[in-house]
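I am opening a notebook on a structure I have not looked at before, and I want to record what I look up in the order in which I look it up.

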Amino acid sequence: MKKLQFKVLKSYNALITLMLSFLGFSSSCDWLTPKAMYGTPTADFLIKGKVESKSNKPVAGIKVDISKEFDTQEGQKLVLIGTSASEAGTGAYLVKANDFPDDQTFKVKFTDIDGAENGEYETLDTTVVFQNPKYSGGDGSWYHGKTEKELNVKLKTKK
């Protein structure tokens, strides 16, 4: 009789342990709600194109800056910056900024940095707007990918 009672108690303890472990795991793991992830969604915004003179000749030695000013919650002004230079022979450039994946507006500034070596050109300031951007190459998590715009410019020679 004692042996039977011991087997019943052992089975009962195993059943209670199984139920408690199942209830513990099932209440701590919620598969239906999103998991907390810490970070910020980002995307790469690329602006590329060619720098040419008014006579359609490629211009090298042009510094291309991309920037965006914004205010923080503490009232500070911050500037997001990317920089590139136009290539010799082709005048091609590529600048990149990494920012929140949403509609974005960037200031783009073209500045002659080589002086008279390739001719002297006036500085050009313009704005590029990414409206409803389409992203490619994201990782399915925080990085949404990249989007790009083409901006070809013609610079005026300095007088």
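The entries below go from the core to the strands, then to the aromatic rings, the salt bridges and one serine.

**Entry 1: the core**

I note at the outset that this is a predicted model, and I read every value with that in mind. I began with the largest nonpolar core, which has 20 residues, and looked up the members that touch the most other members: they are Ile47, Val51, Ile62, Tyr93, Phe110 and Leu151. I then asked which strands each supply at least two residues of this core. The list I found consists of strand 1, strand 2 (62-71), strand 4 (92-99), strand 5 (104-112), strand 6 (124-130) and strand 9 (153-155). Strand 1 gives the largest share, with four residues.

From that group I picked Leu151 and looked up its contacts, leaving out residues up to four places away in sequence. Leu151 touches Ile47, Lys48, Gly49 and Lys50, and it also touches Tyr93, Phe110, Thr126 and Val128.

**Entry 2: strand 4 and its partner**

I next went along strand 4 to see which way its side chains point. Tyr93, Val95, Ala97 and Asp99 point to one face and are buried, while Ala92, Leu94, Lys96 and Asn98 point to the other face and are not buried. This follows a general pattern, in which the side chains of a regular strand alternate between the two faces of the sheet.

Then I looked for pairing, and found that strand 4 and strand 1 are joined in the antiparallel sense over eight bridges. As one example of a bridge, Phe45 has Ala97 in strand 4 as its partner.

Val95, which belongs to strand 4, seemed a good residue to follow further. Is Val95 buried or exposed? Val95 counts as buried because its relative accessibility is 1%, and the cut-off for buried is under 20%. Leaving aside neighbours within four places in sequence, I found Val95 in contact with Phe45, Leu46 and Ile47, with Val64 and Ile66, and with Thr83 and Ser84. I also recorded that the C-alpha atoms of Val95 and Lys48 are 6.4 Å apart, although the two residues are 47 apart in sequence.

**Entry 3: aromatic rings**

I counted the aromatic pairs next, and the structure holds five. In one of them, Tyr93 and Phe110 meet edge-to-face, with 5.5 Å from centre to centre and 85° between the planes. This pair links distant parts of the chain, since Tyr93 is in strand 4 and Phe110 is in strand 5, 17 residues apart. Both Tyr93 and Phe110 are buried.

Another edge-to-face pair is formed by Phe106 and Phe130, at 6.0 Å from centre to centre and with 85° between the planes. Phe106 lies in strand 5 and Phe130 in strand 6, so this pair ties together parts that are 24 residues apart in sequence. Phe106 and Phe130 are both buried, and together with Phe45 and Tyr135 they form one aromatic cluster.

**Entry 4: salt bridges**

How many salt bridges are there? I found four, and I wrote down three of them here.

The side chains of Lys154 and Glu52 meet in a salt bridge, at 2.9 Å from N to O. This pair links distant parts of the chain, with Lys154 in strand 9 and Glu52 in strand 1, 102 residues apart. Lys154 is partly exposed, at a relative accessible area of 38%.

Lys63 forms a salt bridge with Asp65, where the closest N and O atoms are 3.8 Å apart. In this pair Lys63 is partly exposed at 32% relative accessibility, whereas Asp65 counts as buried at 17%.

Lys68 forms a salt bridge with Asp99, and here the closest N and O atoms are 2.7 Å apart. Lys68 lies in strand 2 and Asp99 in strand 4, so the pair ties together parts that are 31 residues apart in sequence. I checked burial as well, and Lys68 and Asp99 are both buried.

**Entry 5: Ser53**

My last entry returns to strand 1 (residues 42-53), where Ser53 is found. Ser53 is buried, with a relative accessible area of 5%. The side chain of Ser53 makes a polar contact with the side chain of Ser55, at 3.0 Å. Not counting residues up to four places away in sequence, Ser53 touches Val59, Tyr121, Lys154 and Leu155; Lys154 is also the residue that I recorded above in a salt bridge with Glu52.

Methods
Residues numbered from 1 in each chain as written. Predicted model: local features only at pLDDT ≥ 70, side-chain atom pairs only at ≥ 80, totals over all residues. Heavy atoms only, no water. Buried < 20%, exposed > 50% of the residue type's maximum accessible area, 1.4 Å probe, protein only. Polar contact = N/O pair within 3.5 Å; in protein donor to acceptor, adjacent residues only side chain to side chain. Contact = heavy atoms within 4.5 Å. Core = buried A, V, L, I, M, F, W, Y, C linked by side-chain atoms within 4.5 Å. Pairing = 2+ DSSP bridges. Phe/Tyr/Trp six-rings, centres within 6.5 Å; stacked < 30°, edge-to-face > 60°.
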